[in-house]
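Let's look at how the labels in a structure get decided. Each turn asks where a label comes from, then checks the value against its cut-off.

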Amino acid sequence: VTPPTATDNCDSNLVATTSDPMSYSTDGTYIITWTYTDAAGNSSVQTQEVIVDDVTAPVPTLASLPIISQPCSLTVDVVPTATDDCAGTMNGTTLDAITYNTAGVYTITWIYDDGNGNITTQDQTVIVTDNNPPVPDNAILATATGNCVVTVTPPTATDNCAGALTATTINPTTYNVVGTFFIVWTFDDGNGNTWTQNQVVIVDPCLGVEGESGQWNALVYPNPGSGMFTLSLSEMPTEKSQ
């Protein structure tokens with residue numbers, strides 16, 4: 001503020017003095033008390049109102065923020081800025097997350113606040129992509145075979161984002177009936193990408209028989225032989241499969 005002047009009947013061009021500040025940098029209304037004193041010790045007092053008023057909101061440095069897109073995960077490491085006519089250059093702040101680990105489209109709202117009640121917001125779009133399905137560790141699953149009972153271990157796969165995965169299935173993983181069965185395994189990376197893999201399971205009959213009498217006499221001939229043999233039993237036991 002420039003000090004005001006006054007006119008005196010004896011002294012001319014009197015300049016006022018004050019004990020109040022003459023410079024203000026914070027929004028508000030202030031009063032300066034000016035005092036005019038002539039050479040004879042006569043004084044007059046005058047007050048002046050000073051209003052510091054910031055009504056202009058910050059202006060973003062970029063008219064629109066760039067879309068950030070990365071596979072699997074991303075962290076926004078560049079904070080946008082704005083310029084304010086009073087506060088100067090400022091960084092944006094946000095209440096939203098700046099790190100994302102799940103595929104999807106997200107919006108970050110940046111806030112520019114000049115501290116004088118003027119706020120500007122700006123949105124930024126971030127996209128986490130995952131378009132690749134899991135890759136089975138074994139291109140073709142081996143047929144699982146066994147006698148009487150077969151239990152299958154779930155296969156594994158590797159995903160570009162999720163890493164190591166273990167397959168799941170709605171089919172049984174244990175079979176105790178003779179026959180051929182099919183298991184459909186599913187690998188799911190959690191981001192909407194799945195891969196299926198089929199496996200054949202063959203249960204063969206149980207080996208050996210158990211006689212109720214415990215032992216019986218048997219004759220095998222000719223011995224030595226050339227590929228064709230005859231088995232002769234002294235009695236026919238009652239047998240059951242194991």
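Q: Which residue stands opposite Thr158 in β17?
A: Thr158 faces Ala164 there. Keep in mind that this is a predicted model, where local features need pLDDT of at least 70, side-chain atom pairs count only at pLDDT 80 or more, and totals for chains, interfaces and linings use all residues. Residues are numbered from 1 along each chain as its sequence is written, and side-chain values use heavy atoms, with hydrogens and water left out.

Q: How do you know that β16 and β17 pair?
A: Two strands pair if DSSP finds at least two bridges between them. Strand β16 (residues 156–159) and strand β17 (residues 163–166) are joined by 4 bridges and run antiparallel, so they meet the rule. With 3 residues between them, they form a hairpin.

Q: What makes something a strand here, and how many does the protein chain have?
A: Strands are DSSP runs of E with at least two residues, while helices are runs of H or I with at least four; both are numbered from the N terminus. The protein chain comes to 0 helices and 24 strands.

Q: Which strands make up the open sheet of 3 strands, and which are its edge strands?
A: The order is β14-β20-β19, with mixed pairing. β14 (144–147) and β19 are the edge strands, since each pairs on one side only. From one strand to the next, the twist averages 20° (axes are lines fitted to C-alpha atoms, for helices over the stretch in contact, and angles run from 0 to 180 degrees between N-to-C directions).

Q: In which sense do β14 and β20 pair?
A: They pair in the parallel sense, over 4 bridges. One residue to look for is Asn147, whose bridge partner in β20 is Asp204.

Q: Why is Asp189 called buried?
A: Buried means under 20% relative accessible area, exposed over 50%, and partly exposed in between (1.4 Å probe, protein chains only). Asp189 has 7%, so it counts as buried. You'll find Asp189 in the loop between β19 (179–188) and β20 (194–204).

Q: What makes the link between the side chains of Asp189 and Asn193 a polar contact?
A: A polar contact is a pair of N or O atoms within 3.5 Å; within protein, one must be able to donate a hydrogen and the other to accept it, and residues adjacent in sequence count only if both atoms are side-chain atoms. The two side chains are joined at 2.9 Å, so the distance fits the limit. The side chain of Asp189 also reaches the backbone nitrogen of Asn191, at 2.8 Å.

Q: Which residues does Asp11 contact, leaving aside neighbours within four places in sequence?
A: Asp38 and Ala39, where contact means heavy atoms within 4.5 Å. A polar atom of the Asp11 side chain lies 2.5 Å from the backbone nitrogen of Ala39. Asp11 sits in the loop between β1 (5–6) and β2 (14–15).

Q: Why is the pair of Tyr100 and Tyr106 called stacked?
A: Rings of Phe, Tyr and Trp (its six-membered ring) pair if their centres lie within 6.5 Å; planes under 30 degrees apart count as stacked, over 60 as edge-to-face and the rest as tilted. Tyr100 and Tyr106 are 4.4 Å centre to centre with 25° between the planes, so both cut-offs are met.

Q: How exposed are Tyr100 and Tyr106?
A: Tyr100 has 9% relative accessibility, so it counts as buried. Tyr106 has 23%, so it counts as partly exposed.
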